[in-house]
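Visitor: Please walk me through this model. I would like short questions and short answers.

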Amino acid sequence: MERTLIAPGVHLSCDPASKFNRCRISIHFAFPAERKTATAHALLPLVMERGYADCPDMTRLTKKLAKLYGADLTVDARPMGCNHNLCVSVTGIKDAFALEGEGLTAEYTKIALGAAFHPYLVDGCFDPQAVSIEKQMLKKGLEDEINDKRIYCLHQANREFFGDSPAGVRQEGYLEEVDGLTPAMLTAAYRQMLRTANIELLVLGCDAAQTAAIRDALLAELACIDRAPLPLVENMAMPAIAPVHKTENYDMVQAKLCMLFTLGQPMQPQQLAAVRLAMALYGGSVTSRLFLNVRERDHLCYYCSSSFQSFTGSMAVNSGVEHADAARAEQAILKELADLCTGPITDEEFEDCRRGLLSGMNGVEDSLGGIESWYYIEVLRAGANSAAPIQSPEQARNALRAVTKDEVRDILRRLTLSVSYLLTKEDAAHAAE
């Protein structure tokens with residue numbers, strides 16, 4: 001993947017991806033998340049995906065994409081640590097496979113730039129009807145969160161864990177603010193994004209001439225905007241604190257337990273390979289300690305897994321447990337972490353986890369979406385304006401092959417419990433007291 005700076009706060013990353021018969025054009029807008037505009041930015045991709053100035057409704061847009069051999073337009077938001085990211089992406093077959101020699105890539109470029117820079121406006125603001133419809137969709141999604149207790153427990157734990165820090169901004173939006181959003185407020189948030197965001201243009205599956213044409217078209221759009229890109233928020237970590245235990249009571253069949261740990265300092269890019277293997281050993285695979293011991297051997301959990309967020313230096317352990325077993329499950333989860341830090345790690349389990357990770361990473365380059373996600377996250381992890389090298393999947397696999405048990409233990413020893421959040425029946429909570 002080749003990456004170059006093409007304007008202040010704007011980079012182009014490209015790969016001819018010759019093994020695919022499709023190409024992909026993606027425009028990523030990354031900017032610091034703010035509490036006051038979080039709900040507007042959560043609504044923005046829903047409205048933008050409905051159409052743009054040249055295709056102002058979903059019917060016409062669908063017909064246009066169908067004529068381009070079933071091309072696909074997506075506009076989505078992707079929270080990344082303390083930064084918000086909105087991505088406009090168009091995917092379709094390459095020009096070489098067009099039946100009548102159509103210039104498909106040029107059409108994909110128009111759609112991507114149209115959706116990103118020329119939304120359908122009514123009297124200078126987003127279409128009130130579209131805004132009203134998508135507000136209801138966003139509101140329903142936020143209301144439904146509580147029905148998925150696993151997700152709800154994680155979100156509640158995150159709110160307790162991050163508090164008022166930059167990572168505590170709820171980038172999915174705030175339910176109580178949705179009704180009050182107006183087309184003018186949404187348009188203002190959109191204009192702010194165009195002006196302040198760092199932009200990453202990813203072009204996959206196009207030749208040099210096509211890539212240059214896409215680059216020039218983007219630069220022409222940006223020339224019409226008074227740009228003032230803001231620096232992205234760097235990777236962070238919450239400080240180590242005494243563990244906080246929180247309980248909410250619900251009439252539910254299965255209790256949910258979420259435990260959040262912190263490294264206490266930002267994760268460094270060179271630690272990533274060891275972090276990946278540490279998570280696989282602890283709770284991120286079917287050969288992990290949490291799966292084999294807490295779930296299978298001790299029967300304390302219906303599920304139990306760990307995951308790591310590199311942008312915030314935090315680890316989450318999510319589990320579903322019997323109400324009466326919640327305290328025992330928490331202690332077992334902590335014991336498995338302590339055992340990995342101080343006890344033996346067999347060569348067999350270590351290599352099983354390594355092989356599992358390598359197998360999964362071998363599939364990264366099997367799709368354009370996988371390639372795009374890999375490199376964009378690498379860009380954000382290193383810092384959008386950083387000169388740090390961007391790691392390819394093969395380089396990451398080589399780094400993983402070189403990880404030692406001591407490096408894994410060093411990561412795990414740094415992790416300390418900050419928040420334990422439990423959803424359980426009221427009578428079970430009283431019994432535990």
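Visitor: At the start of α8, which backbone nitrogen does a side-chain oxygen of Asp207 reach?
Guide: This is a predicted model. The distance here is within 3.2 Å. The cut-off for a polar contact is 3.5 Å. The nitrogen that Asp207 reaches is that of Ala209.

Visitor: How far apart are the end C-alpha atoms of helix α8?
Guide: Helix α8 has 15 residues, 208-222. At 1.5 Å a residue, the helix should span 21 Å. The model agrees, as the end C-alpha atoms are 21 Å apart.

Visitor: What arc do the buried residues of α8 cover around the axis?
Guide: Gln210, Thr211, Ile214, Leu218, Glu221 and Leu222 are buried in α8. They lie on the same side of α8, because their arc around the axis is only 115 degrees.

Visitor: Which residues are exposed on the other side of α8?
Guide: Exposed means over 50% relative accessible area. On the side of α8 opposite the buried residues, those exposed are Ala208 and Ala209.

Visitor: Which elements do the buried residues of α8 pack against?
Guide: The partners include one helix, α3. The strands are β1 (2-7), β2 (10-15), β3 (22-32) and β8 (198-204). In full, the buried residues of α8 pack against β1, β2, β3, α3 and β8.

Visitor: Which helix gives the largest share of the largest nonpolar core?
Guide: That core has 57 residues. Ile27, Phe29, Leu73, Tyr108, Phe117, Met193 and Leu218 have the most contacts inside it. The largest share, eight residues, comes from residues 104-117, helix α3.

Visitor: How many residues are in the other core?
Guide: This core lies apart from the largest one. Among its members are Ala17, Met279, Ile371 and Ala396. Its count is 54 residues.

Visitor: Which residue of α3 forms a salt bridge with Glu107?
Guide: Both partners lie in α3, three residues apart, about one turn of the helix. Glu107 is partly exposed at 22% relative accessible area, while its partner is exposed at 53%. The closest N and O atoms are 3.6 Å apart, within the 4 Å cut-off. The partner of Glu107 is Lys110.

Visitor: How many residues apart in sequence are the parts tied together by Lys139 and Asp179?
Guide: The two side chains meet in a salt bridge, at 3.0 Å from N to O. Asp179 is partly exposed at 47% relative accessibility. Lys139 lies in helix α4 (residues 128-144), and Asp179 in the loop between α6 (175-178) and α7 (183-196), so the pair ties together parts separated by 40 residues.

Visitor: How far apart are the closest N and O atoms of Asp339 and Lys335?
Guide: Being four residues apart in helix α11 (residues 326-342), the two are separated by about one helical turn. Asp339 is partly exposed at 26%, and Lys335 is partly exposed at 48%. They form a salt bridge, and the closest N and O atoms are separated by 2.8 Å.

Visitor: Which strands do the buried residues of α5 pack against?
Guide: Helix α5 covers residues 149-162. Its buried residues include Tyr152, Cys153, Phe161 and Phe162. They pack against β9 (244-249), β10 (255-262), β12 (314-321) and β13 (416-424).

Visitor: What is the phi of the residue that follows α5?
Guide: The end C-alpha atoms of α5 are 20 Å apart, which agrees with the expected span. The helix is followed by Gly163. Its phi is positive, near 55 degrees.

Terms used: Residues are numbered from 1 along each chain as its sequence is written. This is a predicted model: local features need pLDDT of at least 70, side-chain atom pairs count only at pLDDT 80 or more; totals for chains, interfaces and linings use all residues. Side-chain values use heavy atoms; hydrogens and water are left out. A nonpolar core is a set of buried Ala, Val, Leu, Ile, Met, Phe, Trp, Tyr and Cys residues joined through side-chain atoms within 4.5 Å. Buried means under 20% relative accessible area, exposed over 50%, partly exposed in between (1.4 Å probe, protein chains only). The expected span of a helix is 1.5 Å times one less than its number of residues. The arc is that of the directions from the helix axis to the C-beta atoms. Contact means heavy atoms within 4.5 Å. A polar contact is a pair of N or O atoms within 3.5 Å; within protein, one must be able to donate a hydrogen and the other to accept it, and residues adjacent in sequence count only if both atoms are side-chain atoms.
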